[in-house]
Amino acid sequence: MSLLLSILDERIRPPYVIPSSSRPSTSSTSGISQLSFNTDGTLLLARSSTVPTAAYIFSFPAPSTGPTEKEADRRVRLRSVLQHARPVTCARWNPERRGSLALSCASAGLYLWSDEWVSEGMGDGPREAEPD
């Protein structure tokens, strides 16, 4: 048995439609199939049986630091949607590194996500040209 480790991080600019299952469920369990927080409770992994090929990562704010904190800093945000070609079969947070997640799909692959990886040019707006 071979193991494929994927380090491809293709970020897609919105709008992007995530395909979902429109077939009626034959199982009595439909909806959320997994919810798990990372070690410090700042990231939440969510998987749904209606979209088995996607894993959603939400970021939660750290505990309140005082009255100077802005309202925008206390919001839960959708951080990433990890879209795969095949259904995600298992996902686990790394117990030693708070922002590291491993996922496996219905194939011979292991996929890693980390909040430490940053792509260039994926800011909130278009990048300005560098001066010559």
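Modeller: Let's start with a definition: a residue counts as buried when its relative accessible area is under 20%, as exposed when that area is over 50%, and as partly exposed in between. Keep in mind that this is a predicted model. Now try the idea on a cysteine: Cys-105 is buried because its relative accessible area is 6%.

Colleague: Is Cys-90 buried, partly exposed or exposed?

Modeller: Cys-90 has a relative accessibility of 29%, so this residue counts as partly exposed.

Colleague: And how many disulfides does a search of the whole structure find?

Modeller: Zero disulfides turn up in that search.

Colleague: Let me step back to the whole chain. How many helices and how many strands does the chain have?

Modeller: The chain has eight strands and zero helices. Reading from the N terminus, you meet β-β-β-β-β-β-β-β.

Colleague: What share of the residues counts as buried?

Modeller: The chain has 132 residues, and 27% of them count as buried. You can also look at the outside: the accessible surface comes to about 9,900 Å², with 55% of that surface belonging to carbon and sulfur atoms.

Colleague: How do I read the contacts along the chain?

Modeller: Take the contacts between residues at least 6 apart in sequence, and ask what part of them spans a longer stretch. Here, 44% of those contacts join residues at least 24 apart.

Colleague: Next, the core. What is the general idea?

Modeller: In soluble globular proteins, nonpolar side chains tend to be buried together. In this structure, the largest nonpolar core has 13 residues. Those touching the most other members are Leu-45, Ile-57, Leu-82, Trp-93, Leu-101, Leu-103 and Trp-113. At least two core residues come from each of strands E3 (43-48), E4 (51-59), E6 (88-93), E7 (100-105) and E8 (109-114).

Colleague: Which residues does Leu-101 touch, not counting those up to four places away in sequence?

Modeller: Leu-101 touches Leu-45, Ile-57, Leu-82, Ala-91, Arg-92, Trp-93, Tyr-111, Leu-112 and Trp-113. Try finding Leu-101 in the picture and tracing these partners one by one.

Colleague: Two tryptophans appear there, Trp-93 and Trp-113. How should I read aromatic rings?

Modeller: Look at the distance between the ring centres and the angle between the planes; an angle over 60 degrees counts as edge-to-face. The search of the whole structure finds two aromatic pairs. In one of them, Phe-37 and Phe-60 lie 5.3 Å apart, centre to centre, with 65 degrees between the planes, an edge-to-face pair. Phe-37 sits in strand E2 and Phe-60 in the loop between E4 and strand E5 (77-83), so that the pair links distant parts of the chain, 23 residues apart.

Colleague: Are Phe-37 and Phe-60 buried or partly exposed?

Modeller: Phe-37 is partly exposed, at 46% relative accessible area, and Phe-60 is partly exposed too, at 27%. The tryptophan pair comes next: Trp-93 and Trp-113 are also edge-to-face, with 6.3 Å from centre to centre and 80 degrees between the planes. This pair connects strand E6, which holds Trp-93, with strand E8, which holds Trp-113, 20 residues apart. Both Trp-93 and Trp-113 are buried.

Colleague: What about charged side chains? How many salt bridges are there?

Modeller: The count comes to three salt bridges. To read one, find the two side chains and check the N to O distance. For Asp-40 and Arg-98 this is 3.7 Å. Asp-40 is in the loop between strand E2 (32-37) and E3, while Arg-98 is in the loop between E6 and E7, 58 residues apart.

Colleague: And the other two?

Modeller: Arg-97 and Glu-116 meet at 2.5 Å, N to O. Arg-97 lies in the loop between E6 and E7 and Glu-116 in the segment after E8, so the pair ties together parts 19 residues apart in sequence. Arg-97 is partly exposed at 43%, as is Glu-116 at 49%. Asp-115 also forms a salt bridge with Arg-98, with the closest N and O atoms 3.3 Å apart. Shared partners join Asp-40, Arg-98 and Asp-115 into one network.

Colleague: Is Asp-115 buried or exposed?

Modeller: Asp-115 counts as buried because its relative accessibility is 18%. Its network partners Asp-40, at 41%, and Arg-98, at 40%, count as partly exposed.

Methods:
Residues are numbered from 1 along each chain as its sequence is written. This is a predicted model: local features need pLDDT of at least 70, side-chain atom pairs count only at pLDDT 80 or more; totals for chains, interfaces and linings use all residues. Side-chain values use heavy atoms; hydrogens and water are left out. A nonpolar core is a set of buried Ala, Val, Leu, Ile, Met, Phe, Trp, Tyr and Cys residues joined through side-chain atoms within 4.5 Å. Buried means under 20% relative accessible area, exposed over 50%, partly exposed in between (1.4 Å probe, protein chains only). Helices (H or I, at least four residues) and strands (E, at least two) are DSSP runs, numbered from the N terminus. Contact means heavy atoms within 4.5 Å. A disulfide is a pair of cysteine sulfur atoms within 2.5 Å. Accessible areas come from the Shrake-Rupley method with a 1.4 Å probe; for residues, only the protein chains shown count as cover. A salt bridge is a side-chain nitrogen of Lys or Arg within 4 Å of a carboxyl oxygen of Asp or Glu. Rings of Phe, Tyr and Trp (its six-membered ring) pair if their centres lie within 6.5 Å; planes under 30 degrees apart count as stacked, over 60 as edge-to-face and the rest as tilted.
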